[in-house]
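Good morning, and thank you for making time for this presentation. Please have the sequence and the structure in view as I speak.

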Amino acid sequence: MSALVLMLRFHGVAVEVEQLRHQIGVPSVGSVEMLRAARALGLKARMVSSNWARLAKAPLPAIAQRKDGTFVVLAKVAGDKALIQDPLSGRPEQIERAHLEADWTGRLLLMARRARFSDLARKFDVSWFLRARGPW
């Protein structure tokens, strides 16, 4: 549940663990419940199977499912290292590829904000032309 809260906050959704637990309404939260909760809060979300080679192209951060049933936020992959945040430790941690591969199921919960009309209006106003004008 805490990994989901971290990802929701990253996407600008202000939510607390207890509030989310009440909204979901089940005692244990798995990938299906996280997927439903993210969608209910207005995010695009999907569960995918991946591997180390594909992580370089994956839209990170994402929630990675561990073999023990817990979840971590996978923030970045570079070289043979990964940056994760385990909600239980409370701080980011760099781990080796072998450690991630031994611990990870290969499943990722990907999330993205849905574009809203108000977001489009902000992106394409007069300031957009000023930024896009360039040095000429």
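**Strands, helices and spaces in a predicted model**

I begin with a single pair of residues: lysine 76 has leucine 83, in β4, as its bridge partner. Leucine 83 also stands opposite glutamine 94, which belongs to β5. Please keep in mind that we are looking at a predicted model. The mean pLDDT of the chain is 83, and 82% of its residues reach 70 or more. Over residues 131–136, however, the pLDDT is below 50, and this stretch has one contact in the model beyond near neighbours in sequence.

Let me now follow the strands in order. Strand β2, residues 62–66, pairs with strand β3, residues 71–78, in the antiparallel sense, and four bridges are found between them. One of the pairs joins alanine 62 to its bridge partner in β3, leucine 74. The two strands form a hairpin with four residues between them, and in the turn glycine 69 has a positive phi of about 95°.

Strand β3 in turn pairs with strand β4, residues 81–85, again in the antiparallel sense, over five bridges. Here valine 77 stands opposite alanine 82 of β4. This hairpin has two residues between its strands, and glycine 79 in the turn has a positive phi of about 60°.

Strand β4 is then joined by five bridges to strand β5, residues 92–96, and the two run antiparallel. Alanine 82 stands opposite isoleucine 95 in β5. Between β4 and β5 there are six residues, the two strands form a hairpin, and glycine 90 in the turn has a positive phi of about 80°.

Which side chains of β4 are buried, and which are not? The side chains alternate along the strand: Ala82 and Ile84 point to one face and are buried, whereas Lys81, Leu83 and Gln85 point to the other face and are not.

Ahead of β2 there is a feature of the backbone to point out. The peptide bond from leucine 60 to proline 61 is cis, with omega near 10°. Proline 61 is placed in the loop between α4 and β2.

I turn to the helices. In helix α1, residues 2–10, the buried residues are Ala3, Leu4, Val5, Met7 and Leu8. Against what do the buried residues of α1 pack? They pack against α2 (17–24), α3 (31–40), β1, β2, β3 and β6 (104–113). Just after α1, glycine 12 takes a positive phi of about 85°.

Two individual residues deserve a moment. Serine 50 lies in the loop between β1 (43–49) and α4 (52–55). Is serine 50 buried or exposed? Serine 50 counts as buried because its relative accessible area is 15%, under the cut-off of 20%. Leaving aside neighbours within four places in sequence, serine 50 is in contact with Leu55, Trp104, Gly106 and Leu108.

Glutamate 101 has its place in helix α5, residues 97–103. With a relative accessible area of 36%, glutamate 101 is partly exposed. Not counting residues up to four places away in sequence, glutamate 101 touches Trp52 and Lys67. Tryptophan 52 is 49 residues apart from glutamate 101 along the chain, yet their C-alpha atoms are separated by 7.4 Å.

Finally, I come to the empty spaces. Rolling a probe the size of a water molecule over the atoms shows where such space is left. How many cavities of 30 Å³ or more are there? The count comes to one. About 50 Å³ of space lies in the largest cavity. Its lining consists of Ala64, Gln65, Arg66, Val72, Ile84, Ile95, His99, Leu100, Asp103 and Trp104. By class, these divide into six nonpolar, two polar and two charged residues. β2 and α5 each supply at least two residues of this lining. Ile84, which we met as a buried residue of β4, is among the lining residues.

The largest pocket holds about 170 Å³ of space. The residues that line this pocket are Met1, Ser2, Ala3, Val29, Arg66, Gly69, Thr70, Phe71, Asp86, Pro87 and Leu88. Six of them are nonpolar, three polar and two charged. Glycine 69, from the turn between β2 and β3, is one of the residues lining the pocket.

Thank you for your attention.

Conventions: Residues numbered from 1 in each chain as written. Heavy atoms only, no water. Pairing = 2+ DSSP bridges. 1 Å grid on protein atoms, 1.4 Å probe; cavity = no way out; pocket = protein on both sides within 12 Å on 5 of 7 lines; lining within 4 Å. Points joined across faces, edges and corners; volume = space filled by probe spheres on them. Nonpolar A, V, L, I, M, F, W, Y, C, P; charged D, E, K, R; others polar. pLDDT = per-residue confidence, 0-100. Contact = heavy atoms within 4.5 Å. Buried < 20%, exposed > 50% of the residue type's maximum accessible area, 1.4 Å probe, protein only.
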